[in-house]
Each structure stands twice: as structure tokens, then as C-alpha cells.
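Please open the structure in a viewer and keep the selection tool at hand. The tour below proceeds from one selection to the next and states what is found at each stop.

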Amino acid sequence: MTGPSRATPAPAPSPPPGLRTGMLWTVAGQGIYSAAQWLMVIILARSGGAVDVGLYSLGLALTAPLFLLLGLQLRAVQATDAQHRFEFRDYAALRVPSMILGLGVTAALAWLYPHASGPVWWLGVAKALEGGSDLVYGLMQQRERLDWIAQSTLLRGLLGLALLAGVYQLTGDLTLAAMGVAAAGLITLLLFDVPRARRLVTGHWWTWPPSSTLLRLALPLGVVIGLVSLGTNLPRLFVERLLGGEALGIYAALSYVTVAGSVFVVALGTALTTRLSQMFARGDRAGFMRLTLMLMAGAGGVGLLLTLLSAVAGAPLLSLLYGPAYAEHARTFFWLTLAGAAGYLSSSLGFAVTAARRFREQLPLFAGVTAVLALACWWFIPRFGLLGAAAATLTGAITQLLGSWLIVGQALAAPAAEQSAPFPDESGPSSPDSLSGAP
């Protein structure tokens with residue numbers, strides 16, 4: 001049941017930027033945000049050492065998969081909803097309770113990891129607030145306001161860096177520094193994201209109960225993105241358990257270098273997702289494949305450049321960024337860049353899979369990827385240490401790449417009647433509380 005509207009009419013927003021401008025904004029926003037995240041790790045490594053980097057990374061490794069799972073990847077569902085089957089209020093009715101549930105689970109995780117309870121809790125709060133912003137990003141992306149998404153992401157990244165760095169330098173307390181990251185998320189949500197959402201939504205902001213149709217549609221994708229994040233963090237959890245917190249700090253610092261390359265891939269994929277979904281929905285398979293291959297070519301080029309850089313100047317680069325102690329792990333760094341290159345290619349295919357709305361097929365893929373990765377971690381890390389963790393990461397990335405390519409091929413080969421109805425519920429009768437038209 002939906003109550004009376006409480007939203008007041010707002011001036012019409014300015015026209016969205018073109019694809020090229022939107023992509024440039026996305027590259028800038030994601031680039032600065034990722035650089036800010038990386039600088040946080042550098043500050044912790046140089047001022048506090050590998051142990052604090054390990055504790056910070058452990059907090060992220062525990063909370064990121066949780067909140068991505070509970071977020072149900074609603075942003076992707078909304079951005080690719082070319083037929084406007086759901087309203088903004090339907091997404092809000094799922095996202096808000098799930099973030100509250102995530103905070104409850106975060107409290108339990110903080111209790112289970114008492115040596116890292118402060119960072120775990122506050123990074124969980126930051127992830128919950130980021131989930132609120134992500135809810136608005138889905139609306140913005142659907143309206144092709146990539147400039148607003150980039151500006152919000154940029155603001156959150158710079159504020160988080162400033163508050164973490166300032167608090168950590170003044171106090172040396174990692175818990176207080178993580179609290180600064182959460183404060184940056186709150187400020188961005190309240191002062192930037194909500195006001196712009198008001199300019200796009202003139203009707204209801206809330207409905208209850210949540211749409212069961214939307215939940216059934218998004219739940220498999222939520223499990224998938226949770227498994228994706230778990231796959232990213234699983235080697236870190238194995239390293240922390242088997243090799244200790246200091247080893248985790250070193251491994252996390254090495255891994256963050258590959259984040260720089262992912263900025264371009266994520267920016268390009270985000271900018272092209274809506275166009276890809278529109279091409280797929282109208283049956284333009286040649287255009288869909290051409291755009292997908294362009295995305296893969298860009299991702300592969302970035303991966304190749306980063307791998308060559310690690311092969312030629314890995315040790316000096318690590319020494320410059322983190323200190324001489326990290327340069328001893330140049331070989332591990334090289335294998336991590338190989339894994340990053342494979343990951344960029346699989347991520348580019350992941351955007352195509354989501355644009356084709358092949359949500360159901362992703363669940364067995366990433367369940368298999370997670371199982372392969374867990375076995376690889378179990379086998380390689382006790383025998384080869386951090387180098388084994390890098391080898392396990394590469395194994396998982398290659399598995400994901402091959403599986404994603406198979407799904408894209410199946411989507412393109414499917415009859416046109418199946419293209420817009422990957423779930424039986426989605427093509428059935430619409431319930432008035434969930435499929436009430438475009439926002």
C-alpha cells in the first residue's frame with residue numbers, strides 16, 4: 001500500500017550530458033575516488049605499517065561482500081529497466097531494510113573479530129551509507145545523469161580521504177579514521193545525493209510492503225554480486241587466517257595497484273550499460289556485440305599496459321609507493337597484475353551480461369568461480385604464501401572470464417522472445433503495488 005506523496009515538486013533538471021561527456025565524467029569521478037582509496041592505503045602503510053593496512057583490509061573484506069549481497073545490485077536492475085517496470089519507491093523499499101539488516105550482521109562480525117571490531121563496524125556503517133547513495137545512482141544512471149554520479153563519487157572519495165588522513169595523522173587511531181570514512185558517506189548522501197534525487201522523483205519515495213516481483217528478480221543478482229565481492233576478498237581472508245595480519249597488509253597494498261586499471265574499465269562499462277541494454281532490448285545483436293568487443297578491447301589494453309609496467313619496473317614502483325619492504329614482493333605483484341588483466345576482461349563481459357539481463361545464469365557461474373577460487377586458495381597459499389594467493393586470484397579470474405563469455409554467447413543465440421524475460425515472473429501479470437509505471 002502506498003501513502004500520499006510527501007515529495008514536493010522541484011524544478012526540472014537540466015538535460016543529461018551526451019555519452020562521451022558522461023563517460024569523461026565517469027572516468028574522472030571513478031578515477032579520483034579510486035585514487036583516494038589507494039591513497040588511504042598508502043597513508044596507512046607509511047604512517048602505521050602493514051598491520052594497520054591489514055586490519056583496514058580485513059574490515060573491507062568482511063563488510064563489502066555482505067552489503068553488496070544485501071544491496072541486490074538494484075542499481076544495475078534499475079539502470080537496465082528499459083521498459084520502466086518499477087518505480088524508484090520499489091527500489092527504496094528493498095534497499096533501506098536490507099541496509100539495516102546489514103548493520104545488524106556487521107555488529108555480529110565486529111564481535112567475532114574483536115581485534116578489528118572498530119574498523120569492521122565503522123566500515124560497515126560506511127558501506128550502508130554507500131548503499132543509500134547507490135540507490136540514488138540507479139535512478140541517475142537510468143536518466144543518464146552520469147555527471148551527477150561522478151560528482152557524488154568524487155565528493156565521497158575526497159571527503160573520505162581527507163577525514164581518514166586527518167584523523168589518523170592526529171590520533172594514530174584506526175577506528176577513529178574509519179569513522180571518518182563513514183562520516184564522508186553520510187555527508188555525501190544528505191547534502192548531494194538526496195537533493196538531486198528530489199529533482200528526478202516527483203511522486204512517492206516509499207511503498208510497503210516491498211515488491212515481491214522485484215525481490216525475485218534482483219535476489220539472484222544480489223547473490224551474484226556478493227559472490228563476486230567474496231571472490232575478490234576470499235584470498236585476503238585466507239591470507240589473514242593462514243599467514244597473519246601483516247602479510248594481509250602487504251598483499252592488500254599490492255592488490256590496490258590493480259584498482260587503478262579497473263577505473264577505466266568500470267567507467268567505460270558504466271557509461272555503456274544503458275546503451276547496451278537498449279540495443280539488446282530492441283534486438284540489435286550486431287551493435288550489442290560490437291560495443292561489447294570495444295569494451296573488451298579497452299579493458300585488455302589497460303591490463304596489458306599494467307602487466308608490462310609490473311614486469312619492467314615492479315620493484316621500484318612498490319618501493320616508491322609503500323617503502324623498500326614491499327619491493328621484495330615484486331614477483332607476487334607481477335602475478336597480481338596478470339590476474340588484474342584477466343579480471344578487467346571478465347568485468348567488461350560482466351557489463352554485457354547484466355545489460356542482457358541474464359541474471360539467472362550468473363548465479364551458477366559465480367558459485368562455480370567462488371568454489372574454484374576457494375580450492376585454489378586452499379591449495380596454493382599454504383605452499384607458496386603471497387605468491388600462491390596471487391596465483392589463486394588469477395585462477396578465479398580466468399574461470400570467470402570463460403564462464404561470462406559463454407553466457408554472452410547463449411544470450412545472443414537465444415530467440416528474441418526470450419531476450420526481455422529472463423525470469424517467468426517478469427513476463428507475467430503485473431501487480432499494482434510493484435509495476436505501476438515509470439517514475
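Begin by selecting R75, which counts as buried because its relative accessibility is 17%, below the 20% limit for that class. The model in view is a predicted one, and R75 is the entry point to its salt bridges.

**The salt bridges**

Add D134 to the selection. D134 and R75 form a salt bridge, with 3.6 Å between the closest N and O atoms. D134 belongs to helix α5 (residues 117-142) and R75 to helix α3 (residues 74-79), so this pair ties together parts of the chain 59 residues apart in sequence.

Keep D134 and select R95. A salt bridge is formed here too, the closest N and O atoms lying 3.5 Å apart. This pair links distant parts of the chain, 39 residues apart, with D134 in helix α5 and R95 in helix α4 (residues 88-112). R95 is buried, at a relative accessible area of 3%. Displayed together, R75, R95 and D134 are linked in a network of salt bridges.

Next, move along helix α5 to E130, which lies in that helix. Which side chain meets that of E130 in a salt bridge? The partner is R156, at an N to O distance of 3.7 Å. R156 lies in helix α6 (residues 146-171), so the pair ties α5 to a part of the chain 26 residues away in sequence. The two partners differ in exposure: E130 counts as partly exposed at 26% relative accessibility, whereas R156 counts as buried at 9%. In total, the count of salt bridges comes to four.

**From E130 and R156 to Y33**

With E130 and R156 still displayed, select Y33 in helix α1 (residues 19-47). Y33 touches both of these residues, together with T153 and G157, when residues up to four places away in sequence are left out. Is Y33 buried or exposed? Y33 is buried, because its relative accessible area is 16%, and the limit for burial is 20%. Measuring tools in the viewer can also be applied to L158: its C-alpha atom is 6.9 Å from that of Y33, although the two residues are 125 apart in sequence.

**The nonpolar cores**

Select W38, Y56, V239, V257, L321, Y322 and Y326. Of the 70 residues in the largest nonpolar core, these touch the most other members. Centre the view on Y322 and display its surroundings. Leaving out residues up to four places away in sequence, Y322 touches W38, V41, I42, A45 and R46, as well as A253, L254, Y256 and V257. A second core, separate from this one, has 26 residues, including L268, L291, F366 and I407.

**L237 in helix α8**

Now select L237, placed in helix α8 (residues 212-243). L237 is partly exposed, with a relative accessible area of 22%. Its contacts beyond four places in sequence are L58, A61, L62 and L230. Adding S57 shows a pair 180 residues apart in sequence, with C-alpha atoms 9.3 Å apart in space.

**Helix α12**

Select residues 330-355, which make up helix α12. How many of its 26 residues are buried? The number is 19, and the helix is thus mostly covered. A check of its length is also possible: at 1.5 Å a residue the helix should span 38 Å, and its end C-alpha atoms are 37 Å apart, which agrees. Beyond the helix, select R357, whose phi is positive, near 55°.

**A nonpolar patch on the surface**

Switch to a surface representation and select L186, I187, L190 and L191. These residues form a nonpolar patch on the surface, with about 370 Å² of accessible area together. L191 lies in helix α7 (residues 174-200) and is exposed, its relative accessible area being 64%.

**The whole chain**

Finally, clear the selection and view the entire protein chain. The chain has 15 helices and zero strands. Of its 439 residues, 55% are buried. The accessible surface comes to about 17,700 Å², and 70% of that area belongs to carbon and sulfur atoms. Among contacts between residues at least 6 apart in sequence, 84% join residues at least 24 apart.

Conventions:
Residues are numbered from 1 along each chain as its sequence is written. This is a predicted model: local features need pLDDT of at least 70, side-chain atom pairs count only at pLDDT 80 or more; totals for chains, interfaces and linings use all residues. Side-chain values use heavy atoms; hydrogens and water are left out. Helices (H or I, at least four residues) and strands (E, at least two) are DSSP runs, numbered from the N terminus. Buried means under 20% relative accessible area, exposed over 50%, partly exposed in between (1.4 Å probe, protein chains only). Contact means heavy atoms within 4.5 Å. Accessible areas come from the Shrake-Rupley method with a 1.4 Å probe; for residues, only the protein chains shown count as cover. Patches are made of residues with over 30% relative accessible area and no salt bridge: like charges are joined within 9 Å, nonpolar side chains (Val, Leu, Ile, Met, Phe, Trp, Tyr) within 5 Å. The expected span of a helix is 1.5 Å times one less than its number of residues. A nonpolar core is a set of buried Ala, Val, Leu, Ile, Met, Phe, Trp, Tyr and Cys residues joined through side-chain atoms within 4.5 Å.
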